[in-house]
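Student: Could you take me through a close look at one part of this model, and then set it beside a few other elements of the fold?

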Amino acid sequence: MIITEAKAWLERLPLKKPYTISYDTFFDTRIVMLQITLADGTIGIGSANPFEEVVGETPEQTLVLLQNEWCNRLAGLDINHFESFIDQVGPSLSHNPGTLAAIDIALHDAWARLQGKPLSALLGQVMDGLPTSITIGIKPPCEALAEAMEYVAQGFTIFKIKTGSDVQADIETVLSIREAVGKKVQLRVDANAGYDIAALMKFYTETKDAVVELIEQPLPAGEEKALRTLPEALRRMLIADESLTGLEAAQQLCVTPLPFGVFNIKLMKCGGIKAAGKIALLAKDHGIPIFWGCNDESRASIAAALHTAYSCAATRYLDLDGYFDLERDVVIGGFRVEEGKMLLSEQPGLGIEKF
């Protein structure tokens, strides 16, 4: 079945409320949408929101690449050959993983819709219904605590608390939330590369009573050598995010002693579903559990990540709450969330539809 049309556009979507990480505050997000249409009218929808600070690509650059080159190259492609197409063009987009992700997701969606099956079924689904964490941005401890209690009321059982700008305030925030929620909620933190070794050790030591489950990317990418000197018990808690952009980076992080005990795979970092699957297989071979993450993204790419996650045996953690921050989205469907657990749609493809 031939692709007859491909079109891309950019959506600037407001957030429900601004949130802060270790080095920036966000009020909205820019998401590039890609829609392909097959000769029989079947469509495929992809989306991308690459993070320039991590991968060096902006949504605006993604849009230009899609509109000026890749939409034309997709027209005329036989959807049944989409995997070889992704393999062929992947190297040329190694520095533009957002562009590759949009293409990859749209092709997977169209292909699965054409088969009349959910994408996860075609990828080999092995699980369903894992809980996702919900993110609390950097804010005064009292405000973070109030937000945490809102999420408890909504049924979420795992919080990811943004840290990294003031370690003492981070400690106070984590301890106050733990005291308020008791043992029924898992606590994870994400420093977004905002710590040095001294700050990390201070946080680790002074929050032991709070039983923090995981610490995401405490040091900047490139400082993995320093992490390898840390005690193994601490390294097992650490999640590679900014340090893990693609397969090559993942291979380097598999060298022992492992600097991170967990891999955060994001479609926007590695270039889509197919690339994510390769990293997931590598992680499985090295006994490294997978934590599936996201930026502030449309349900389109969140659904793509979820279908992929549930098709990987090494999947252990979900952090796929980026859609939750959006005031509005471009699509609906794909999955539902019940008491914090993410459940896939049984509709064909990614199970999403445009508004």
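Tutor: In this predicted model, helix H14, which spans residues 299–309, is mostly covered, with 11 of its 11 residues buried. The buried residues begin with Arg-299, Ala-300, Ser-301 and Ile-302, continue through Ala-303, Ala-304, Ala-305 and Leu-306, and end with His-307, Thr-308 and Ala-309. Arg-299 and His-307 are thus listed as buried alongside Ile-302 and Leu-306.

Turning from that helix to a helix pair, the axes of H2 (residues 59–74) and H4 (residues 97–115) come within 10 Å and cross at roughly 45 degrees. Because angles from 65 to 115 degrees count as roughly perpendicular and those under 35 as roughly parallel, this crossing makes H2 oblique to H4. The crossing is right-handed, and the contact is made on the H2 side by Thr-62, Leu-65, Leu-66, Trp-70 and Leu-74, and on the H4 side by Gly-98, Thr-99, Ala-102, Ile-103 and Leu-107. Sorted by class, this contact of H2 with H4 comprises seven nonpolar and three polar residues, with no charged residues.

Among the strands, E13 (residues 335–338) pairs with E14 (residues 341–344) in the antiparallel sense over four bridges. Within this pairing, Arg-336 stands opposite Leu-343 in E14. The two strands, E13 and E14, form a hairpin with two residues between them, and in the turn Glu-339 has a positive phi of about 50 degrees.

Methods. Residues are numbered from 1 along each chain as its sequence is written. This is a predicted model: local features need pLDDT of at least 70, side-chain atom pairs count only at pLDDT 80 or more; totals for chains, interfaces and linings use all residues. Side-chain values use heavy atoms; hydrogens and water are left out. Buried means under 20% relative accessible area, exposed over 50%, partly exposed in between (1.4 Å probe, protein chains only). Two strands pair if DSSP finds at least two bridges between them. Axes are lines fitted to C-alpha atoms, for helices over the stretch in contact, and angles run from 0 to 180 degrees between N-to-C directions. Angles under 35 degrees count as roughly parallel, over 145 as roughly antiparallel, 65 to 115 as roughly perpendicular and the rest as oblique. A crossing is left-handed if the near helix is turned anticlockwise from the far one by less than a right angle, and right-handed if clockwise. Contact means heavy atoms within 4.5 Å. Ala, Val, Leu, Ile, Met, Phe, Trp, Tyr, Cys and Pro count as nonpolar, Asp, Glu, Lys and Arg as charged, and the others, Gly among them, as polar.
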